[in-house]
Amino acid sequence: MSQFLMAAVLTLAAAGSAHPQSRKEVRDGWQLSSPSEQGLDVEHLNELVRGLESKEKAIRSVVIVRHGRLAFEYYRAGLGPSSLHDMRSGTTSVVSMLVGVALQKGFIRSVDQPIADFLPEALDEGVDVRVRTMTLAHILTMTAGFDPAIKQVGKWAFPVDFALQRPLVSDPGTTFSFNAGTAHLAARVLVSATRTSVSQFARKELFGPLRIQRYLWRIDRPGGELGYSGLELTARDMAKLGQLQLQMGSWEGATLMAPDYAEAATRKQSNGGPPINWGYGYAWRVAPTLSLPAPYMAGADDGQRIYVNPGMRLVVVVTSDSTEQRGKSQGQADDAITDIVLRAVKR
């Protein structure tokens, strides 16, 4: 067996293989388990790893959590549990979770608050009058109505006044349209509400309790963390976010997110749209299914995924090369998740 494959297979004695690095060496709060103990098919997971070994694959890592236990993890050669991965648009889901934390802490009263309560620029001359009554819920559900064709000022920069002065192409609350400027406004609301930076608030109120210690967050040129992209986390820590959402904001006996918000965030608030035609909650994609609660996911067209299946008590994280063509990495990530859900989960 190649060194690459040995680094990926976590079946241990069940498959007669050895892992070159003890999984207990990374002390990050996860309770570890074997795949079979959590009802996962060991042979199929080994088959999955062999497929991921192909040079044609864009996938960097896969982490599976079942029943709250970290049961499987795969890393491409040269990567491991401490490697950071660019979450890309999955960053918006983390910002959404921070809104839930701010609600729990009383910094925000309701998602129905007008964004003008937090961003006085919404009342400036030159801003569409409909923005005055635009709510935080409109921002989080991507139904604000701003023209998605208008891009940021330079690379990574989205000043608040510029983002708010974009023309509206639909009334707030009527039409879904994912765009970076709208997502970034949610982060700016957090800064205003908490009177601290997004990363400082996250470190104290979310990352700290989850024992997330290693991360990077790209800064907007005017000086604040991006709300639409730029957060880098380990795959294990991404799985913690999925597990926290699955547990409706509860972690080790503490309530980190407002439970009502956690539930609403992963319930369809609009029909959603491209690039993934799932429903849309509060910055989480919600699977089109009649079975409730529906699976939901962070990520879009870039191959980064936090997939949560409440009925299976399952969290799957997939990270991919950000340099690959988006369609290629998205398809491979979704295929891996589908394969795990349909074939690896036995009970």
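## Strands around β5

In this predicted model, Leu84 has Thr234 as its bridge partner in β5. The pair belongs to an antiparallel arrangement of strand β3 (residues 84-86) with strand β5 (residues 231-234), which extends over three bridges.

Strand β5 also pairs with β4, again antiparallel, through two bridges. Here Trp217 is matched with Leu231 of β5. Strand β4 covers residues 216-217 and follows α7 (198-207), with a loop between the two.

## Ser199 and the loop after α7

Helix α7 contains Ser199. Is Ser199 buried or exposed? Its relative accessibility is 13%, and because the limit for a buried residue is under 20%, Ser199 counts as buried. Beyond its neighbours within four places in sequence, Ser199 is in contact with Tyr215, Trp217 and Glu225. One of these contacts, Trp217, is the residue bridged to Leu231 in β5.

The loop between α7 and β4 holds Arg211. Arg211 is not a glycine, yet its phi is positive, near 60°. With a relative accessible area of 42%, Arg211 is partly exposed.

## Strand β12 and its partners

Why is strand β12 described as largely enclosed by the rest of the structure? The strand consists of residues 314-320, and seven of the seven are buried, so the rest of the structure largely encloses it. Burial applies to both faces: Leu314, Val316, Val318 and Ser320 lie on one side, while Val315, Val317 and Thr319 lie on the other.

Two strands that pair with β12 can be described in turn. Strand β1 (residues 59-66) runs antiparallel to β12 and is joined to it by seven bridges. Within this pairing, Val63 is placed opposite Val317, a buried residue of β12. Strand β11 (residues 305-309) is likewise antiparallel to β12, with five bridges between them. Asn309 of β11 has Leu314 as its bridge partner in β12, and Leu314 is buried on the face that also carries Val316, Val318 and Ser320.

The connection from β11 to β12 is a hairpin with four residues between the strands. Arg313 lies in that turn and has a positive phi of about 50°.

## Backbone exceptions between α9 and β10

Most residues other than glycine have a negative phi, and most peptide bonds are trans. Which bonds and residues depart from this pattern in the loops that follow α9?

Pro274 and Pro275 are linked by a cis peptide bond with omega near 5°. Pro275 sits in the loop between α9 (259-265) and β8 (279-280). A cis bond also connects Leu292 to Pro293, with omega about 0°. Pro293 belongs to the loop from β9 (285-286) to β10 (296-298).

Between β8 and β9 is the loop that contains Ala283. Although Ala283 is not a glycine, its phi is positive, at about 65°. Ala283 has a relative accessibility of 8% and counts as buried, whereas Arg211, with its own positive phi, is partly exposed.

Methods:
Residues are numbered from 1 along each chain as its sequence is written. This is a predicted model: local features need pLDDT of at least 70, side-chain atom pairs count only at pLDDT 80 or more; totals for chains, interfaces and linings use all residues. Side-chain values use heavy atoms; hydrogens and water are left out. Buried means under 20% relative accessible area, exposed over 50%, partly exposed in between (1.4 Å probe, protein chains only). Two strands pair if DSSP finds at least two bridges between them. Contact means heavy atoms within 4.5 Å.
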